[in-house]
Amino acid sequence: MNKINSSDLESPLSATPTSERSLMVLSVIARHGKPITVKQLKDATKLPQSTLYRHLLPLKKWGLIQEQDNLYAPGPFSVQLAWGFDHTSYLVAHARPEMEKLMMRCGESVGLMVAVNNQVMCLDMVESQHSLRCSFSKGRSQPLLRGASAKALLAHLSTPMADDVIAGSLPGQPKEQQLLREELAKIRAQGYAVSEGEVDMGVWGISAPIFSKSDHMVGAITLMSPAIRAEDRQQELIGLTVKTALVISECLKLY
């Protein structure tokens with residue numbers, strides 16, 4: 001999993017209820033990508049050190065985190081949580097076969113993405129068989145702001161949730177906020193988002209939302225390719241990805 005910048009992990013203390021601060025600490029540790037120091041945790045959570053230690057103690061007790069040489073990392077109970085999720089997620093179970101079909105047809109990597117706490121997270125990935133390929137590690141997350149996956153998800157969140165993400169991601173930038181809202185409206189109208197180089201240089205991506213029985217957006221299918229390889233077949237890749245998302249949505253609606 002790639003390390004992400006501490007600035008991407010920041011969650012303003014004033015916006016986080018006291019009852020959720022242990023979860024905030026846990027999420028920072030989980031997303032960091034390697035063992036994290038107390039100073040890095042303080043910078044990311046904005047919690048005083050004494051308060052931070054109070055939240056770390058029960059997380060250690062329950063095996064959700066572990067400490068070694070004053071560094072904190074996800075604990076062994078995380079494995080049990082991951083196992084339980086993989087074996088009970090209807091979304092992953094229904095999406096995986098269609099993701100494999102899309103990868104075989106297009107030859108490019110396909111990911112299953114969801115929005116979690118102002119982040120876009122990869123739940124599953126079927127990697128391309130090309131030696132030069134793009135991928136997004138399972139479990140990796142990044143801010144719900146840039147790239148096809150983030151925008152496809154953000155465009156289909158409820159208006160209050162989307163407004164909170166936009167305001168928190170672009171504070172004091174009303175012009176940029178309005179431009180993003182206009183882009184999201186276009187994405188909703190066309191049913192998919194496309195990006196090139198917004199997250200990783202040289203990577204082109206197409207992402208289409210997945211809906212549940214109640215027409216609630218539950219995730220997105222994202223196809224990612226080296227931009228140079230997608231250049232002459234973008235419309236084909238867009239069409240096949242949108243079709244795959246629709247097939248998965250229909251499967252979920254029948255369940």
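How much accessible surface does the protein have, and what share of that surface belongs to carbon and sulfur atoms? With the whole chain selected, the accessible surface comes to about 13600 Å², and carbon and sulfur atoms account for 55% of that area. Keep in mind throughout the tour that this is a predicted model.

**The whole chain**

Stay with the full selection and switch to a cartoon, in which eleven helices and nine strands can be followed through the protein. If you align the view to the principal axes, the C-alpha trace spans about 55 × 40 × 40 Å along them. The radius of gyration is 19 Å, which agrees with the value near 18 Å that a compact globule of 255 residues would have. Colouring by relative accessible area will show that 43% of the 255 residues count as buried. Should you draw the contacts between residues at least 6 apart in sequence, 55% of them join residues at least 24 apart. For a look at the charges, select the 27 positive and 25 negative ones, whose mean positions lie 5 Å apart.

**K34 and its surroundings**

Next, select K34, which sits in the loop that runs between α2 (21-32) and β1 (36-37). Is this residue buried, exposed or partly exposed? K34 has a relative accessible area of 47%, and because partly exposed covers the range from 20% to 50%, K34 is assigned to that class. Add L71 to the selection and draw a distance between the two C-alpha atoms, which are separated by 9.3 Å although K34 and L71 are 37 residues apart along the chain.

**Strand β4 and its two partners**

Now move to strand β4, residues 109-116, where six of the eight residues are buried, so that the strand is largely enclosed by the rest of the structure. Which strands should be shown beside β4? One of them is β9 (residues 217-226), which pairs with β4 in the antiparallel sense over five bridges; to find a point of reference in that pairing, select M113 together with A220, its bridge partner in β9.

Another is β5 (residues 119-126), and here the pairing with β4 is again antiparallel, with seven bridges between β4 and β5. In this pairing, select G111 and then M125 of β5, which stands opposite.

Finish at the turn of the hairpin that β4 and β5 form, where two residues lie between the strands. Select N117 in this turn and inspect its backbone, since the residue has a positive phi of about 50°.

Definitions and conventions:
Residues numbered from 1 in each chain as written. Predicted model: local features only at pLDDT ≥ 70, side-chain atom pairs only at ≥ 80, totals over all residues. Heavy atoms only, no water. Helix = DSSP H or I, 4+ residues; strand = E, 2+ residues; numbered from the N terminus. Rg over C-alpha atoms; globule rule 2.2 N^0.38 Å. Buried < 20%, exposed > 50% of the residue type's maximum accessible area, 1.4 Å probe, protein only. Contact = heavy atoms within 4.5 Å. Areas by Shrake-Rupley, 256 points an atom, 1.4 Å probe, with all protein chains shown as cover. Lys, Arg positive; Asp, Glu negative; His and termini not counted. Charge placed at Lys NZ, Arg CZ, Asp CG, Glu CD. Pairing = 2+ DSSP bridges.
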